[in-house]
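Here are a few notes to go with the model. Have it open while you read.

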Amino acid sequence: RGWPPGSGEMCARRLAILCSRLQLLLCSSHKESVLSFFYPSPEGLAWTQLLLLRLWSYLLSQAEHLPYRHQPALFATLTPLMERGELGPSALLGAPALLLEKYAHVLWQTVGYVVSKLNRKAAPSEVRVFCSHALSIAFFRLPLLRPVLLGAILPPGENRFKHVREWNLPWSLQRAALREGNAAPEPGDASPPGGRGRSSWSSSRSSARDTRAVFASGGTPRGRRERGGAVREADPPLDAWAALWLSQGMANAVPPAVVERALGGRYWRERLRKRGHCFFLLLEHWTRHAPAAMGTQPDESTNWRVVPGHAVLIKAFLLEMRQRPVHLWPESMRSCLAALVQENRPLTQVFARIIVSAAGATSLPPRV
């Protein structure tokens with residue numbers, strides 16, 4: 001039997017009302033720095049965290065079954081849900097192991113949803129924006145995901161042999177990018193866990209072992225001695241998310257099979273490696289989310305040198321600026337540039353040097 005006449009429209013109205021009420025609640029807060037409430041006991045906080053994770057997982061599982069015209073309301077509800085302060089690293093210290101394991105599974109479920117969308121050739125703009133925002137959040141909260149994404153965006157070979165001559169900031173972009181890129185898997189090492197060759201998951205686990213060694217030494221990184229007696233520059237200290245998973249013993253809370261399933265397919269890696277609209281959207285949302293992920297307060301400035309992935313992502317963007325004629329920059333690239341200038345002001349002089357050197361007579365569009 002079919003649905004009664006008008007039932008579909010009634011369900012759509014109820015869904016819109018429910019999403020609007022959820023968004024109003026999720027955007028409410030008792031704090032000034034983050035969207036969060038005060039709780040009288042740790043048990044009350046843990047109950048709320050589990051409820052938020054269940055809601056997150058349920059809404060994400062239903063997104064694929066909704067018509068496209070109803071998905072924007074669902075994505076608008078998921079966005080403040082993922083940014084709640086109850087799900088931040090400071091609120092999860094001392095949380096039960098089952099809660100942290102549930103959190104890790106929900107994060108990899110989100111990565112799997114985003115990857116499934118990136119494996120398709122086309123998607124509505126609302127889906128692309130949500131996927132970029134969700135992937136930027138997962139980048140910070142899943143340390144094992146970082147080398148996989150960075151290796152796809154800037155392969156190790158390109159990272160090593162391509163330089164940005166216009167870089168004039170006090171610290172070395174090339175050195176920092178190589179240090180971050182050392183944990184990224186090689187392009188040919190895409191075998192699944194258990195297969196031949198070194199997979200991206202095994203590379204991520206080796207990176208996690210190195211991070212655990214730093215954490216065990218008290219969180220103070222030391223310089224490593226290379227051949228010839230030279231001491232390499234010390235790695236930056238652990239961020240809050242890496243320290244959280246390692247301190248709770250949950251660095252490998254998710255089985256490799258779950259990670260393999262979430263990162264399935266190759267087309268999403270090719271899209272990131274091309275560094276087109278997908279990369280620019282991801283970098284823009286990553287830039288805007290980085291201060292919150294690093295715990296920067298409203299009256300503070302972000303120390304971008306210790307932000308995970310900063311050197312590799314900035315270098316990849318600068319390489320695109322050098323390779324593309326200025327008048328052929330897409331709208332997503334210009335929007336990403338504006339976000340970088342707004343959040344990371346020292347990069348403005350590097351952008352200006354590249355634009356001035358590229359905006360010669362040969363790069364101008366032909367006159368009609």
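How many cavities of 30 Å³ or more does the structure hold? Just one. Before the details: this is a predicted model, in which local features need pLDDT of at least 70 and side-chain atom pairs count only at pLDDT 80 or more, while totals for chains, interfaces and linings use all residues. Residues are numbered from 1 along each chain as its sequence is written, and side-chain values use heavy atoms, with hydrogens and water left out.

1. The cavity. The largest cavity has a volume of about 40 Å³. On a 1 Å grid over the protein atoms alone, a cavity is a set of points where a 1.4 Å probe fits but cannot get out, and lining residues have an atom within 4 Å of a point. A volume is the space filled by probe spheres set on the points, which are joined across faces, edges and corners.

2. Its walls. Phe-139, Leu-149, Leu-150, Ile-153, Leu-282, Trp-286 and Leu-313 line the largest cavity. By class that is seven nonpolar, no polar and no charged (Ala, Val, Leu, Ile, Met, Phe, Trp, Tyr, Cys and Pro count as nonpolar, Asp, Glu, Lys and Arg as charged, and the others, Gly among them, as polar). Helix α6 (146-153) gives the most to this lining, with three residues, and α13 supplies at least two. Helices here are DSSP runs of H or I with at least four residues, numbered from the N terminus.

3. The helix pair. The axes of α5 (residues 125-141) and α13 come within 8 Å and cross at roughly 45 degrees, which makes α5 oblique to α13. Axes are lines fitted to C-alpha atoms over the stretch in contact, and angles run from 0 to 180 degrees between N-to-C directions; oblique is what remains after under 35, over 145 and 65 to 115 degrees are taken out.

4. Who touches whom. Phe-139 is among the α5 residues in the contact with α13, and Leu-282 and Trp-286 are among those on the α13 side (contact means heavy atoms within 4.5 Å). The contact residues divide into ten nonpolar, five polar and one charged.

5. A pocket to check. The second largest pocket holds about 680 Å³ of space; a pocket is an open set with protein on both sides within 12 Å along at least five of seven lines. Of its 28 lining residues, Ser-33, Val-34, Glu-83, Gly-85 and Ala-292 are the closest to the centre. Here α13 gives the most, with three residues. The lining has 14 nonpolar, nine polar and five charged residues.
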